[in-house]
Amino acid sequence: MDTDFHYDIVVIGAGHAGCEAARAAALMGARTVVITMDMNKIAQMSCNPAIGGIAKGQIVREVDALGGATGLVTDATAIQFRMLNRSKGPAVWSPRAQCDRARFITTWRHTLENTDGLDIWQDEATEILTDGRRVTGIRTLWGATFRCRAVVVTAGTFLNGLMHVGRVQVPGGRCAEPAATRLTASINALGIRSERMKTGTPVRIDARSVHFDLMEEQPGETDFHRFSYISAPRPLPQMKCWTCNTNAEAHRTLLSGLKDSPLYNGQIKSIGPRYCPSVETKLVTFPERTQHPLFLEPEGTDTNELYLNGFSSSLPMDVQIAALRCIPCFSDVRVYRPGYAIEYDFFPPTQLRHSLETKAVEGLFFAGQVNGTTGYEEAAGQGLIAGINAAQRCSGGEALVLHRDEGYIGVLIDDLVTKGVDEPYRMFTSRAEYRILLRQDNADARLTPYAERLGLASAERLRRFRAKSEAIEAITAWCASHTLRPADINAYLEQVGSVPLHGGARVDELVCRPQATLAGVAAYVPELQALLDAPTEDREEIEEAAEVAIKYAGYIARERVIADKMQRLEAIRIRGRFDYNSLQQLSTEARQKLTAIDPETIAQAGRIPGVSPSDISVLLVLMGR
């Protein structure tokens with residue numbers, strides 16, 4: 001039997017990064033195979049069965065705009081949707097959805113199995129093959145060889161994964177799944193260094209044992225918002241979540257187990273997540289707090305399994321259960337499995353280019369948690385870019401590199417490649433300096449043109465994108481060119497508590513008032529109402545996007561000017577121009593950091609920690625600028 005297979009691209013791992021990478025590469029015409037250890041766990045939600053959240057929701061909207069599938073799969077399997085941060089400005093509005101875990105897997109698997117040019121192989125990748133400079137293929141545990149021109153590694157937490165519950169340690173990439181124990185050594189042999197990180201997950205609870213009457217319900221939203229710009233309304237029934245708090249008695253029980261906690265007895269030495277800490281870490285870090293919030297979330301429409309958000313732990317299982325029973329709503333709790341911590345290998349991402357290709361080996365790409373990130377959304381964004389750029393390498397095309405003013409995905413990758421990580425990286429809106437440009441409502445306007453150029457935008461996506469863009473432009477242009485008299489609109493202004501007009505005013509000026517809305521003004525202006533009521537499947541989204549564009553036009557324009565100024569520095573290429581170690585005008589730290597990272601542009605060099613503005617000035621002078 002021939003066990004030597006030939007493809008353009010091999011994707012190792014079928015998690016969120018691997019699924020997006022494999023699908024994108026195949027859609028772009030590259031013959032692709034994705035290798036997974038378990039076809040029944042494709043796109044498994046290893047921790048919370050939810051997609052989106054603060055800044056993460058923006059990333060998923062960007063993945064969708066680029067032609068990815070995470071948004072479509074999320075909408076098809078969502079069982080509760082919420083738009084977070086609605087009390088704040090639209091720059092930080094962030095969609096989030098609870099999903100049916102089992103349906104999420106089957107929907108992604110169906111998507112991959114029905115993508116032309118994409119095969120699935122169930123096996124474990126054990127070795128990267130090269131000719132010394134570039135990738136030539138991989139070998140697997142079962143002895144198969146896959147010859148290819150590019151490899152995308154998206155192994156998640158499986159590389160030498162080690163799980164911890166108290167003092168019990170079990171090798172594994174996830175609960176009940178084996179670790180991949182050979183691939184890291186093969187990658188290290190290529191001159192790529194690895195380090196260790198840690199993450200964790202909470203206990204899973206049997207709904208039949210919960211006193212829901214002692215909890216506060218947290219309903220979802222059922223309006224027009226969704227993740228994909230082209231998906232149908234959510235098909236599944238929308239479910240409730242619930243909230244409660246820990247208490248002093250539970251805290252005492254948890255603290256009594258610290259001596260057996262792998263986080264505090266020296267058992268775990270790797271880096272854990274700052275922004276998603278274990279419950280025991282919260283107690284040690286904030287000893288003055290008498291309670292911490294917990295969120296009980298359903299795992300699906302036809303299961304009793306519940307996820308307890310906020311109770312991630314690696315304490316002994318008896319301590320976890322005893323502490324839960326100190327909380328009134330969990331006094332009779334039964335669990336399906338305890339929380340656990342997991343340590344795994346990652347590769348410091350300063351070893352990558354912005355295309356997510358490794359500097360050491362041509363055609364070798366990394367995406368997802370192997371780059372030191374945490375979160376399905378960050379993984380999906382990286383996977384999509386890695387898959388696109390692997391396909392571009394195979395076809396001789398130019399790599400897609402998103403700038404920081406183009407997307408959160410661009411911010412994410414630039415942070416990883418330029419700054420590296422000293423803890424699991426999680427995206428926040430505060431990491432993006434151009435938040436008003438990178439809103440969730442305009443991700444399609446920012447990125448769909450890239451999807452069209454790359455062949456990732458379907459005809460239906462392009463049709464709806466163009467119709468939406470034209471409708472928004474028609475509304476904003478009309479509002480900027482029409483004036484209302486006091487008699488036309490003062491009744492509305494007085495109704496909403498806004499100062500009435502004493503002369504004429506443009507419609508966009510009125511919409512910009514804090515108390516006014518586009519729909520409210522339109523109710524008194526038939527011509528504008530007709531524009532808002534124009535028949536289209538995206539009418540509500542068009543109205544919201546148009547209102548945001550009008551209300552925040554000044555802020556958007558100002559931020560665009562700042563971004564354009566910075567973009568000029570992005571155009572100054574410096575890679576290969578300097579021997580940094582010989583430039584005594586630079587600080588010692590700058591010489592070391594610039595040599596290690598080898599930045600592509602002056603702007604990237606300026607974002608490297610340890611490179612000061614004076615160091616950048618030296619480089620500009622040396623370039624004759």
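**Figure 1. Strand S11 in this predicted model pairs with strand S2 through Val 11 and Val 152, among other residues.** Val 152 in S11 is the bridge partner of Val 11. Strand S2 covers residues 9-12, and four bridges join S2 to S11. The two strands run parallel. S11 also pairs with strand S21, residues 364-366. Three bridges join S11 to S21, and this pair runs parallel as well. Here, Val 153 has Phe 366 in S21 as its bridge partner. Are the residues on the two faces of S11 buried or exposed? Ala 150 and Val 152 on one side are buried. Val 151 and Val 153 on the other side are buried too. Both faces of this strand, residues 150-153, are therefore covered, given that buried means under 20% relative accessible area.

**Figure 2. Four strands form an open sheet.** The order is S1-S10-S9-S8, and the pairing is mixed. Which strands stand at the edges? They are strand S1 (4-6) and strand S8 (125-130). Each has a single partner strand, so one side of each is left without a neighbour in the sheet. From one strand to the next, the twist averages 25°. Look next at S8 and strand S9, residues 135-140. Five bridges join them, and the two run antiparallel. Thr 130 has Val 135 in S9 as its bridge partner. Strands of a sheet pair through backbone hydrogen bonds, either parallel or antiparallel.

**Figure 3. Three strands, S4, S6 and S5, form an open antiparallel sheet.** The order is S4-S6-S5. Strand S4 (50-52) and strand S5 (78-84) are the edge strands, and each pairs on one side only. Neighbouring strands of this sheet are turned by 15° against each other on average, direction ignored. How many bridges join S4 to strand S6? There are three, and S4 runs antiparallel to S6, which spans residues 94-99. Ala 50 stands opposite Gln 98 in S6.

**Figure 4. The second largest pocket holds about 550 Å³ of space.** Its lining has 27 residues. Which of them lie nearest the centre of the pocket? They are His 354, Ala 399, Leu 400, Val 401 and Arg 573. Three helices each supply at least two residues of the lining: H9 (376-395), H10 (408-419) and H11 (443-454). H9 gives the most, with three residues. By class, the lining has twelve charged, nine polar and six nonpolar residues.

**Figure 5. Cysteines without a disulfide: Cys 244 and Cys 479.** A disulfide is a covalent bond between the sulfur atoms of two cysteines. This structure holds zero disulfides. Why does Cys 244 not bond to Cys 329? The sulfur of Cys 329 is the closest cysteine sulfur, but the distance of 3.7 Å is too far for a bond. The cut-off for a disulfide is a pair of sulfur atoms within 2.5 Å. Cys 244 is buried, with a relative accessible area of 10%. What is the closest cysteine sulfur to that of Cys 479? It belongs to Cys 512, at 9.6 Å, and this is again too far for a bond. Cys 479 counts as buried, at 0% relative accessibility.

Technical notes. Residues numbered from 1 in each chain as written. Predicted model: local features only at pLDDT ≥ 70, side-chain atom pairs only at ≥ 80, totals over all residues. Heavy atoms only, no water. Pairing = 2+ DSSP bridges. Axes fitted to C-alpha atoms, helices over the stretch in contact; angles between N-to-C directions. 1 Å grid on protein atoms, 1.4 Å probe; cavity = no way out; pocket = protein on both sides within 12 Å on 5 of 7 lines; lining within 4 Å. Points joined across faces, edges and corners; volume = space filled by probe spheres on them. Nonpolar A, V, L, I, M, F, W, Y, C, P; charged D, E, K, R; others polar. Buried < 20%, exposed > 50% of the residue type's maximum accessible area, 1.4 Å probe, protein only.
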